[in-house]
Amino acid sequence: MFTPLNPARLSLFSVLAVGVFATPLARAQKDQAPIVLSTAGNSWADLGELQKDAKAGKPPALAALGEMLVNGEDVPKDIPGGMDMLTRASAAGENNASFRLGKIFEEGKLVPADPQKAIEYYHKAALAGVAEAEYNLGA
């Protein structure tokens with residue numbers, strides 16, 4: 001038999017649950033150095049480590065730092081530098097970098113719109129199984 005939930009008890013539980021689970025998480029985040037994650041799941045302890053891997057030409061690091069540069073997230077905005085890193089990551093097989101380049105060329109906000117380049121990058125990402133790229137191509 002179904003018993004309806006008592007809204008008064010539910011809201012009390014919600015407050016307790018949020019208080020119990022949110023506090024340790026917030027405290028833990030303050031105690032640790034920030035972790036920069038790439039779309040491929042690679043992680044770096046800090047920006048210096050990410051930059052070191054990007055300088056070594058590691059595709060996931062190139063893609064992550066390239067994205068940060070084109071958006072100016074945690075680093076000074078550098079669209080040409082970011083585009084170069086994303087292009088190098090894409091050429092090395094980093095599929096999410098290919099998708100991101102397709103999106104950048106489609107939107108035309110960071111660089112002049114170039115539908116042909118957008119299609120080329122989306123196609124490359126779609127062939128690698130990036131579902132959003134397939135969708136954007138209308139596949």
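**Exercise 1. Determine how far helix H3 is enclosed by the rest of the structure in this predicted model.**

Step 1. Take the 13 residues of H3 and apply the cut-off for burial, under 20% relative accessible area. The residues of H3 that pass are Pro60, Ala61, Leu62, Ala63, Ala64, Leu65, Gly66, Met68, Leu69 and Val70.

Step 2. Ten of the 13 residues are therefore buried, and H3 is largely enclosed by the rest of the structure.

Step 3. For scale, 30% of the 139 residues of the protein count as buried.

**Exercise 2. Check whether the length of H3 agrees or disagrees with the expected span of a helix.**

Step 1. H3 covers residues 59–71, and at 1.5 Å a residue its 13 residues should span 18 Å. The expected span uses one less than the number of residues.

Step 2. The end C-alpha atoms of H3 are 18 Å apart, so the two values agree.

Step 3. Just after the helix, Gly72 has a positive phi of about 70 degrees. Asp74, in the loop between H3 and H4, also has a positive phi, near 65 degrees, although this residue is not a glycine. With 69% relative accessibility, Asp74 is exposed.

**Exercise 3. Find which element gives the largest share of the largest nonpolar core.**

Step 1. The core has 29 residues, and those with the most contacts inside it are Leu50, Leu65, Met83, Phe105 and Ala133.

Step 2. Two or more core residues come from each of helices H2 (47–55), H3, H4 (79–91), H5 (95–107) and H6 (115–127). H3 supplies eight residues, the largest share.

Step 3. Follow two H3 residues outward, leaving aside neighbours within four places in sequence. Leu65 is in contact with Leu47, Leu50, Gln51, Ala54 and Met85. Leu69 has contacts that include Val75, Pro76, Ile79, Gly82 and Met85.

Step 4. The relative accessible area of Leu69 is 11%, so this residue is buried. Its C-alpha lies 9.7 Å from that of Leu86, 17 residues away in sequence.

**Exercise 4. Sort three of the four salt bridges by where their partners lie.**

Step 1. Side chains of opposite charge can pair when their charged atoms come close.

Step 2. Arg100 and Glu67 form a salt bridge at 2.7 Å, N to O. This pair links distant parts of the chain, with Arg100 in helix H5 and Glu67 in helix H3, 33 residues apart. Arg100 is buried at 17% relative accessibility, while Glu67 is partly exposed at 24%.

Step 3. Arg88 and Asp84 meet at 3.3 Å, N to O. Both are in helix H4, four residues apart, so about one helical turn separates them. An α-helix has 3.6 residues a turn, so residues three or four places apart point the same way. Arg88 is partly exposed at 37%, and Asp84 is partly exposed at 39%.

Step 4. Asp53 and Lys58 are joined by a salt bridge whose closest N and O atoms are 3.5 Å apart. Asp53 is buried at 17% relative accessibility, whereas Lys58 is partly exposed at 42%.

**Exercise 5. Place these elements in the whole protein, stating how many helices and strands it has.**

Step 1. The protein has seven helices and two strands, in the order α-β-β-α-α-α-α-α-α along the sequence.

Step 2. Among contacts with a separation of 6 or more, 31% join residues 24 or more positions apart.

Step 3. The exposed area is about 9100 Å², and carbon and sulfur atoms supply 60% of it.

Methods: Residues are numbered from 1 along each chain as its sequence is written. This is a predicted model: local features need pLDDT of at least 70, side-chain atom pairs count only at pLDDT 80 or more; totals for chains, interfaces and linings use all residues. Side-chain values use heavy atoms; hydrogens and water are left out. Buried means under 20% relative accessible area, exposed over 50%, partly exposed in between (1.4 Å probe, protein chains only). A nonpolar core is a set of buried Ala, Val, Leu, Ile, Met, Phe, Trp, Tyr and Cys residues joined through side-chain atoms within 4.5 Å. Contact means heavy atoms within 4.5 Å. Accessible areas come from the Shrake-Rupley method with a 1.4 Å probe; for residues, only the protein chains shown count as cover. A salt bridge is a side-chain nitrogen of Lys or Arg within 4 Å of a carboxyl oxygen of Asp or Glu.
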